[in-house]
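This briefing walks through one protein chain, topic by topic, for a reader who is new to looking at structures. Please keep the sequence and the 3D view open while reading, and find each residue as it is named.

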Amino acid sequence: MNPTTSKTTEAPATEAPEATDPTSTTLVKGASDASDASDEAEGEAEGGRAQGDGDGPGPCSSADTDSDPDLDFDPKDDDFDRAPSGLGAAAAAVVAAGLGVVGLTGAWSGRVAAERETLLGQMKTASGGSVAQQISEIYGDAWHSTALVNGLFALLALLVGVFALVRPAFGAPARDPQPGWVRAVATAGIALGVLGVLISVGMYFDLIVALPTASATG
């Protein structure tokens, strides 16, 4: 071995770092982000379909129900169709007032009943009878028949008037409150009916106008 010979040590060769292209790095990162967004969207879609296939309503079911006018339920529509209009109570009030007037003034049916009793009385006393019997059979029975018929009309007016007043308290409620004129007319019918009943009772039992007696005629 030659001592003069210099021994050189070779350094290991190092590889130079490869140059990175910024454009390619940006493209790879964008592709990775797009892939992640696509996977997330697919997951949400699958979750929505799974929820829609289950027992509960889908995410868009409530919105569709609210936007569909055919599925909206309005209870006022059915109540409007079923609720009475109050026409029956108004008609009953007018009828009650009319019947009350008839009960006070008399009707043709009362006159017919009175004439019938008069005819029967004449037939009974045609073969003879006392003056008191003739008064009772010919006039008394006729007057009593008239009072009875008028009393029936007055009683009917009283009942119909009470029905017109208390009708809103029973059954289905009306759409509108009962007008004031209906209550006023029904009250008038009741008052006329009560007055007619009292007068008819007094006339029937000879409390107001008594039958003439035989001594008074002689």
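**Helix α7 and its surroundings**

Helix α7 has 25 residues, and from its first C-alpha to its last it reaches 36 Å, which is close to the 36 Å expected at 1.5 Å a residue. The model shown here is a predicted one, and the points below follow α7 into a nonpolar core and then to a pocket.

**Along α7**

- The buried residues of α7 are V182, A186, G189, I190, G193, G196, S200 and G202, and what covers them includes the helices α4 and α6.
- In an α-helix there are 3.6 residues a turn, so residues three or four places apart point the same way.
- After α7 comes D206, a residue whose phi is positive, near 55 degrees.

**The largest nonpolar core**

- Ten residues make up the largest nonpolar core, namely A90, A92, A93, A96, L99, A157, V160, A164, V182 and A186.
- Two or more residues of this core come from each of α4 (87-105), α6 (131-166) and α7 (180-204), and α4 gives the most, with five residues.
- A90, one of the core residues, touches W181 and V182 when residues up to four places away in sequence are not counted.

**A closer look at A93**

- A93 lies in helix α4, and it counts as buried because its relative accessibility is 0%, whereas the cut-off for buried is under 20%.
- If its neighbours within four places in sequence are left aside, A93 is in contact with A164, V182, V185 and A186; among these, A164, V182 and A186 also belong to the largest nonpolar core.
- Although A93 and A186 are 93 residues apart along the chain, their C-alpha atoms are separated by 4.2 Å.

**The second largest pocket**

- The second largest pocket holds about 160 Å³ of space, and the residues that line it are G103, L104, W143, T146, A147, N150, G196, I199, S200 and M203.
- The elements that each give two or more residues to this lining are α4, α6 and α7, and these three helices also each give two or more residues to the largest nonpolar core.
- By residue type, the lining of this pocket divides into five nonpolar, five polar and no charged residues.
- G196 and S200 appear in the lining of this pocket, and both are also listed with the buried residues of α7.

Conventions
Residues are numbered from 1 along each chain as its sequence is written. This is a predicted model: local features need pLDDT of at least 70, side-chain atom pairs count only at pLDDT 80 or more; totals for chains, interfaces and linings use all residues. Side-chain values use heavy atoms; hydrogens and water are left out. A nonpolar core is a set of buried Ala, Val, Leu, Ile, Met, Phe, Trp, Tyr and Cys residues joined through side-chain atoms within 4.5 Å. Buried means under 20% relative accessible area, exposed over 50%, partly exposed in between (1.4 Å probe, protein chains only). Helices (H or I, at least four residues) and strands (E, at least two) are DSSP runs, numbered from the N terminus. Contact means heavy atoms within 4.5 Å. On a 1 Å grid over the protein atoms alone, a cavity is a set of points where a 1.4 Å probe fits but cannot get out, and a pocket is an open set with protein on both sides within 12 Å along at least five of seven lines; lining residues have an atom within 4 Å of a point. Grid points are joined across faces, edges and corners, and a volume is the space filled by probe spheres set on the points. Ala, Val, Leu, Ile, Met, Phe, Trp, Tyr, Cys and Pro count as nonpolar, Asp, Glu, Lys and Arg as charged, and the others, Gly among them, as polar. The expected span of a helix is 1.5 Å times one less than its number of residues.
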